[in-house]
Amino acid sequence: MTTPAPAPAPAVMAFPAGFRWGTATAAYQIEGAADEDGRTPSIWDTFSRTPGKVRNGDTGDIAADHYHRMSEDIALLSSLGVTDYRFSVAWPRIQPTGRGPAVQKGLDFYRRLVDELRDAGIRPVATLYHWDLPQELETAGGWPRRETAERFAEFASLTAEALGDRVATWTTLNEPWCVAFLGYAAGVHAPGLTSPVAALRAAHHLNLAHGRAVQALRAALPAESEVSLTLNLHSLRLRTDSAADREAARRIDALGNRLFLDPVFHGRLPGDLVRDTASVTDWSFVEDGDLAVASTPVDSLGVNYYAPATVEAGRSEAPSPWPTTEPHVGFPRTPGPRTAMDWPVDAQGLYELLSRLRDELPGVPLLVTENGAAYEDYADPEGRVRDPERVAYLHGHLAAVHRAIADGADVRGYFLWSLLDNFEWAYGYSKRFGIVHVDFATQRRTPKDSARWYAAVIARGGLPG
Ligand code: FCB
């Protein structure tokens, strides 16, 4: 009698040993407890409480109540098997007025969080600024004001002194492009200004704040700590290969990508950008030595990616997040599948972005610090949340990361956005990005099918082939 041949082991698109598998969240989007333990309003409290700014008048007052459910959420992370967890520290919990000594209760919350993570064998990855500027600092001038960069370095220093023995990876800023251009030019994010010059000033002071914070972190942290920055770089497509469309893409690349990459990695401002924006500002707010500070070396670069942008010469929306002069730029709608955010599903854009960074920033390790998708999720009568579109999105994007690594990109980890459904900024609770469903009426958490899928990927160390 012949024994049947064993079933072949399932093929696996394996990631390198030591690859960091994580999920990401941000303080204002999940914590709630808006006025507890000394926390004061941030610009997002003010903005979300202003009628008409956030869909349905939603605010982060309660959010996913993570401030009170932190242990339950860490248990969810454990059940996923993640190696890392990216969270952000709420500045107004640590320094309610944006200056002065740290509030002990604020530090204690994050100390408990990182201790419980470490007990669960999960590496904490702390982001210092995920958009919740203390309101008092905005009232004093916000990011367009130089002083805010100094305040941020002080906050970085206080937080690193308190948590530096327990947190090995630190990110200064999350997506400074969104902070500057959605917040101060398009007005769709806090603080809701529509001033092109304020946005450009903000962008520069964010680069400066990043550099000052890197210096403050280096002074406070053990030598082996990892210091990083997360950018939402724009993966650009041209509508046609015409000279006009290429010129539009160059302008968007300057404002969306090189305005941050050049100061941080090369200590310079892009010359073409300075020319493009000459009618908006003469850039005299850039002082001697600022760009040297901005380019204080980092240990890795975080990349957030959701969708590419297709660009054409055309008509700008108004108010535009792109403070550039003629010719205007447009973003035509492209065919193909879209998420509930109406963002195109296009994993090739992530491959192209990682490959570009491989070529332009040799020697800089990369982390995908956010990637994920919103869909119209609901629990079925058995309480199960089936989200096959999210699984397909994640599969496609992880396959793109795998291919980028095979082609030489030094990608060290992937952080899925997001662990929980949460307050999606101007969309409030209407958009669900979590792999864990949150019923905001009861705060009940239900892992979606995608959570089980992600846990299996992590356990296997890769994708089903
Ligand atoms: C990014 C933000 C994050 C989340 C996702 C969907 O721009 O960093 O907080 O809202 O988009």
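**Helix packing and annotated sites in a predicted model**

Helix α7 passes helix α9 in a right-handed crossing. The contact draws on A149, E150, F152, A153, A156, S157, A160 and E161 from α7. From α9 it takes H205, L208, A209, R212, A213, A216, L217 and A220. By class, this contact of α7 with α9 holds 11 nonpolar, 2 polar and 3 charged residues. The model described here is predicted. In it, α7 covers residues 147–163 and α9 covers residues 196–220. Their axes lie 8 Å apart, and the packing angle is about 30°. Angles under 35 degrees count as roughly parallel. The two helices α7 and α9 are therefore roughly parallel to each other.

Helix α9 also packs against α8. The axes of α8 and α9 come within 8 Å and cross at roughly 160°. The pair α8 and α9 is therefore roughly antiparallel. This crossing of α8 and α9 is again described by its hand: right-handed. On the α8 side, P176, V179, A180, F181 and Y184 take part. They meet A198, A199, L200, A202, A203 and L206 in α9. The contact of α8 with α9 comprises 11 nonpolar residues, with no polar and no charged ones.

A further partner of α8 is α10. Helix α8 spans residues 176–184, and helix α10 spans residues 243–266. Their axes come within 10 Å and cross at roughly 130°. That angle makes α8 oblique to α10. Helix α8 passes α10 in a right-handed crossing. P176, W177 and F181 of α8 make the contact with L255, G256, L259 and F260 of α10. The residues of this contact of α8 with α10 divide into 6 nonpolar and 1 polar, with no charged residue. P176 and F181 of α8 thus appear in the contact with α10 and also in the contact with α9.

Annotated positions were then placed on the model. An unreviewed UniProt entry lists E175 and E370 under "active site". These two residues span 196 residues in sequence, yet their C-alpha atoms are no more than 10.4 Å apart, so they gather at one spot. The lining of the largest pocket includes both E175 and E370. E175 sits in the loop between β5 (169–174) and α8.

The unreviewed UniProt entry lists Q29, H130, N174, Y306, W417, E424 and W425 under "binding site". Each of Q29, H130, N174, Y306, W417, E424 and W425 is included in the lining of the largest pocket. H130 is found in the loop between β4 (123–129) and α6 (135–139).

Backbone geometry was examined next. W417, from the "binding site" list, is joined to S418 by a cis peptide bond, with omega near 10°. S418 lies in the loop between β12 (411–417) and β13 (436–439). Another cis peptide bond joins A190 and P191, where omega is about 5°. P191 belongs to the loop between α8 and α9. A33 has a positive phi, near 50°, in a residue other than glycine. The loop that holds A33 runs between α1 (27–30) and α2 (43–48).

Note on methods. Residues numbered from 1 in each chain as written. Predicted model: local features only at pLDDT ≥ 70, side-chain atom pairs only at ≥ 80, totals over all residues. Heavy atoms only, no water. Axes fitted to C-alpha atoms, helices over the stretch in contact; angles between N-to-C directions. Helix = DSSP H or I, 4+ residues; strand = E, 2+ residues; numbered from the N terminus. Parallel < 35°, antiparallel > 145°, perpendicular 65-115°, else oblique. Left-handed = near helix turned anticlockwise from the far one by under 90°. Contact = heavy atoms within 4.5 Å. Nonpolar A, V, L, I, M, F, W, Y, C, P; charged D, E, K, R; others polar. UniProt positions renumbered as here; feature names shortened; annotations may be inferred. 1 Å grid on protein atoms, 1.4 Å probe; cavity = no way out; pocket = protein on both sides within 12 Å on 5 of 7 lines; lining within 4 Å.
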